[in-house]
Amino acid sequence: MKLANSIIVSLLLLAVCGADSLRAQPPVRVGADRILEEPFVSWFHGKRVGLITNQTGLDSGRVSTIDGFRASQEIQLVALFGPEHGLSGAAQAGEQVESRMDVYSLYGEHRAPSPEMLRNVDVLVYDIQDVGVRFYTFISTMFESMKAAARHEIPFVVLDRPNPIGGDAVAGPVLEEGFQSFVGAFSIPVRYGMTAGELARLLREQDQISVDLRVVPMENWQRGDWYDRTGLLWIPPSPNMPTLETATVYPGMCWIEGTNLSEGRGTTRPFELIGAPWMDAAAIADSLNRQGLPGVFFRQQEFTPTFSKFAGESAHGVQIHVLDRDAFDPFRTVLALLAEVRSRHADEFEFRAAAFDRLAGNSWVRQMLTSGESPDRIIERWEPELTRFKSIRMRHLIYP
């Protein structure tokens, strides 16, 4: 009987979790774990190093890259550079961070290392955990820093890290010419399915950056692995990215920033709570659930943001519960949500056109929504460019 019960439990686990999720997997070793190994450590012999990092720069032993470099006799660390949110990750979105001696902000007066910042630097190293989404500004910082390294003829080294939402899904519209900004600096889709090291390789070719690019690859990471499969700590990369669940919905729900709906900033569930004081949340949740969108359930939820849109006001909202993250489509979901809100609240709902278009990487997604086009038609329009990107992307992949 005990044996039979054990078999039943195992079968239930396989049914619920899937066979792949039960496979044994050694912990991931990130680039920061391997930097003192050959041949990588030889890149730094006799060199003065500038390090672009933040609070996410930890190795698998939970030692910060800053502390590891400082403790090493092989690496001479002479300058630190912090992206948006600062070295500690505490600054809110868009907040400028001041530089201080040998610790420079790349989200204030400068978006890339200046000649003065690089005057004593022989090698520039990038070690930041991003979230695998085009408008997360850390990859824009990497891009601008690669170009600065090229101008100063110094090597640019990426200590690679996982794409936390998996590296095999590629989705969303490709950014079009004329829509470049710091939340979309290059022509890739919203969800690009690459690690930072792989993306750096693609950007070097796509933008013809004459930089000596070197990647310290990970060990034991596979393309389909989400972050909770890696054995690594989740360190919130920014104040409004507290969990992997946030990162799961973020590729689509960040578009809500380009509307007069609250995207949940100022709550404990940013990008999972969407609403406004005037929204008929019960009707919208019911309608969306009846549409049968894959892998997601909408639940009516009141919330009161402490800052950002509707600060101090009670918002009628929905909470987005992802039931199956592999089936969940953040873009189809946000398009359906926006179409439903616009249909029910034509007088109250507004696009903030410039902001929305920067995030979408074009103006036609907004225009098609405004014209009442279906999510299927909108997705169909971006598929040709997405297919073209996928073929380019394949040349730069490092991991199976």
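## Overall fold and the setting of L337

Of the contacts in the chain with a separation of 6 or more, 74% join residues that stand 24 or more positions apart. The model is predicted, and its chain comprises 11 helices together with 11 strands. A compact globule of 400 residues would have a radius of gyration near 21 Å, and because the chain has 22 Å, its value agrees with that expectation. Along the principal axes, the C-alpha atoms fill a box of roughly 65 × 65 × 40 Å.

Values that describe the chain as a whole are gathered below.

| Property of the chain | Value |
|---|---|
| Share of the 400 residues that is buried | 55% |
| Exposed area | about 16900 Å² |
| Part of the exposed area supplied by carbon and sulfur atoms | 50% |
| Distance between the mean positions of the 39 positive and 50 negative charges | 2 Å |

At the level of a single residue, L337 offers an example from helix α8, which spans residues 330-344. L337 has a relative accessible area of 0%, and since buried means under 20%, this residue counts as buried. Once its neighbours within four places in sequence are left aside, L337 is in contact with M253, I256, I274, I284 and L288. A further relation across the sequence involves A285, which is 52 residues from L337 along the chain, while the two C-alpha atoms lie 9.0 Å apart in space.

How values were computed
Residues numbered from 1 in each chain as written. Predicted model: local features only at pLDDT ≥ 70, side-chain atom pairs only at ≥ 80, totals over all residues. Heavy atoms only, no water. Helix = DSSP H or I, 4+ residues; strand = E, 2+ residues; numbered from the N terminus. Rg over C-alpha atoms; globule rule 2.2 N^0.38 Å. Buried < 20%, exposed > 50% of the residue type's maximum accessible area, 1.4 Å probe, protein only. Contact = heavy atoms within 4.5 Å. Areas by Shrake-Rupley, 256 points an atom, 1.4 Å probe, with all protein chains shown as cover. Lys, Arg positive; Asp, Glu negative; His and termini not counted. Charge placed at Lys NZ, Arg CZ, Asp CG, Glu CD.
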